[in-house]
Each structure stands twice: as structure tokens, then as C-alpha cells.
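This is a walk through one chain, from its overall make-up to individual backbone angles. Please keep the sequence and the coordinates open while reading.

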Amino acid sequence: MFDKFLEGNQYYDYPSFEVAIFSLLLALVLSTSIAYIYRFTNGDEFYSKSFFQAMVLSALVTSMIMMAVGNNLAVGFGIIGAVAIIRFRTNIQNPRNVIFIFAALSVGIASGVYGYAVAIAGTIIFCTTALLLYWSPAGGKMSHKFEVICQSSDHELIQEVKAYLMARSKSFDELELRKRTELNNRYEYLIFLEDEAHILEIFEYLQSLEGISDVRIIKKPIPEQL
């Protein structure tokens with residue numbers, strides 16, 4: 001389909017200005033589509049805007065590099081040496097984020113070597129699969145993990161607190177009971193919430209109870225490293 005458009009340009013040779021502009025614009029459109037699919041299917045209510053921008057910009061940079069290298073081996077080694085100087089210290093904890101950044105890079109590579117059909121077809125299949133997974137039982141919003149700590153000497157009130165936490169949380173676990181004084185005990189619970197905003201309501205509820213003191217809520221990371 002793109003053979004006529006590429007007529008007169010050898011593969012992996014320096015492209016004409018028109019072909020270069022088309023390749024970069026295609027990489028921009030496709031990577032932006034991938035970035036918006038990431039934002040829509042992101043289980044977390046909050047997402048990193050810098051990561052969103054990185055997906056879009058990385059495709060453009062990759063496409064430029066592939067077109068600049070062409071079939072010149074010396075240029076390729078020069079770029080490898082230049083990139084090796086840069087130290088990347090960003091720790092991407094979520095494996096899903098790694099896949100999306102690779103998808104954006106792949107779009108840039110495919111566009112940079114004039115594999116337009118591969119870039120378009122790959123983006124369509126990738127985005128469709130991401131949407132299907134989001135709507136499947138394996139998708140949806142991610143859970144938020146919190147540790148709830150409080151002190152009380154009223155056993156019946158603590159049972160009421162436990163029942164409230166179990167009703168409001170997706171998952172509930174009693175971690176530890178520590179006897180602080182003769183009349184006061186420290187209780188620790190682990191809860192999982194689908195909506196992070198609900199934790200404020202839980203905190204306000206615990207603060208309003210007479211007989212409950214030293215209320216603390218700590219957000220715990222959910223390990224997802226590769």
C-alpha cells in the first residue's frame with residue numbers, strides 16, 4: 001500500500017524530507033494513541049503525566065534514530081556510544097508500564113524503518129488487546145493497600161471498627177494486637193481499597209469515635225517489580 005509512496009527511496013537509506021515528516025507524524029499519532037489507551041485502562045486513579053509524555057516522545061526519538069542510522073554501520077555504533085554515556089536511573093515498578101513503553105518504542109522503530117503497515121497493524125492489535133484485558137475479569141481498577149493503626153481499651157468498640165473496615169474494604173486482615181498499657185491496646189489492620197478516596201472517610205470515621213485514639217493510616221506499596 002505504501003510502495004508508491006516510498007518509490008525512489010531505498011530502505012535504510014536517508015529518506016527524503018516528505019518521507020521523514022510522514023514517518024515522524026505517524027509515530028506521533030500511533031504513540032499518542034497508545035498513551036491515551038494507557039491512561040484509559042490505567043487501574044490507578046492517578047497516573048504519571050511525565051510517563052504519558054515519555055511514551056509519546058520516545059516514539060519520535062526512536063523513529064529519528066532509525067532514520068538517521070539508515071544502513072550506515074559507523075553511525076549506528078556512534079549512536080550506541082552516545083546512548084551508553086547516558087545513565088537511566090528511573091525504576092519502573094509496574095510491569096504493565098514497561099510493556100507500554102516498549103510498545104511506544106516499537107512504533108517508533110517500525111515507523112523509522114518505513115514499516116508503516118507493521119506500525120499501524122501492531123498499534124491497532126495492541127490497543128484492542130489492552131481494552132479487552134481492561135474489560136475482562138483480569139482488568140479493572142487496581143487495589144490500594146493501607147495499614148490502619150489505632151488504640152482503644154473498649155473491646156466492643158474495636159469489634160465495631162473491625163466490622164466497619166470489613167464492610168468498606170475489598171480485603172481485610174488483622175495484623176497485630178499489642179498491649180501498650182494495662183487499659184489500652186494497639187490494633188493494626190491491613191485493608192485493600194478499590195478507590196483510594198475512601199480512605200479519608202475511614203480516617204474521619206475513626207477520628208469521630210470516642211474511645212479510639214492515636215489513629216494512623218499508612219499507605220503500603222504493592223510490589224510488582226519484574
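The paragraphs below go from the whole chain to its helices, and then to two residues. The model is predicted.

The chain contains 7 helices and 4 strands. Read from the N terminus, the order of these elements is α-α-α-α-α-β-α-β-β-α-β. The chain has 226 residues, of which 36% count as buried. Among contacts with a separation of 6 or more, 74% join residues that are 24 or more positions apart. The exposed area of the chain is about 14,000 Å², and carbon and sulfur atoms supply 62% of that area.

Helix α1 covers residues 17–41, which makes 25 residues. From its first C-alpha to its last, α1 reaches 36 Å, close to the 36 Å expected at 1.5 Å a residue. Its buried residues are Val19, Ala20, Ser23, Leu26, Ala27, Leu30, Ser31, Ile34, Ala35, Ile37, Tyr38 and Thr41. An α-helix has 3.6 residues a turn, so residues three or four places apart point the same way. With that in mind, the reader can follow Ala20, Ser23, Ala27, Leu30 and Ile34 along α1, all of them on the buried list. The cover over the buried residues of α1 includes α2 (49–69), α4 (95–112) and α5 (116–135).

Helix α4 has 18 residues and spans 26 Å between its first and last C-alpha, close to the 26 Å expected at 1.5 Å a residue. Buried in α4 are Asn97, Val98, Phe100, Ile101, Ala103, Ala104, Val107, Gly108, Ala110, Ser111 and Gly112. These buried residues pack against α1, α2 and α5.

How do α2 and α4 pack? Their axes are 7 Å apart, at an angle of about 30 degrees. Angles under 35 degrees count as roughly parallel, and α2 and α4 are therefore roughly parallel to each other. The crossing of the pair is right-handed. On the α2 side, the contact is made by Phe51, Ala54, Met55, Ser58, Ala59, Thr62, Ser63, Met66 and Met67. On the α4 side, the contact is made by Asn97, Phe100, Ile101, Ala104, Leu105, Gly108, Ile109, Ser111 and Gly112.

A second helix pair is formed by α6 (residues 155–168) and α7 (residues 198–208), whose axes come within 12 Å and cross at roughly 170 degrees. Angles over 145 degrees count as roughly antiparallel, and α6 and α7 are therefore roughly antiparallel to each other. In α6, the residues Glu160, Val161, Tyr164, Leu165 and Arg168 meet His198, Glu201, Ile202, Tyr205 and Leu206 of α7.

Two backbone angles remain. Most residues other than glycine have a negative phi, and most peptide bonds are trans. Tyr114 is not a glycine, yet has a positive phi of about 70 degrees. Tyr114 comes just after α4, in the loop between α4 and α5. Is Tyr114 buried or exposed? Tyr114 is buried, and its relative accessible area is 8%.

Asp214 also has a positive phi, of about 50 degrees, although it is not a glycine. Asp214 lies in strand β4, residues 213–220. With a relative accessibility of 39%, Asp214 counts as partly exposed.

Terms used: Residues numbered from 1 in each chain as written. Predicted model: local features only at pLDDT ≥ 70, side-chain atom pairs only at ≥ 80, totals over all residues. Heavy atoms only, no water. Helix = DSSP H or I, 4+ residues; strand = E, 2+ residues; numbered from the N terminus. Buried < 20%, exposed > 50% of the residue type's maximum accessible area, 1.4 Å probe, protein only. Contact = heavy atoms within 4.5 Å. Areas by Shrake-Rupley, 256 points an atom, 1.4 Å probe, with all protein chains shown as cover. Expected span 1.5 Å × (residues − 1). Axes fitted to C-alpha atoms, helices over the stretch in contact; angles between N-to-C directions. Parallel < 35°, antiparallel > 145°, perpendicular 65-115°, else oblique. Left-handed = near helix turned anticlockwise from the far one by under 90°.
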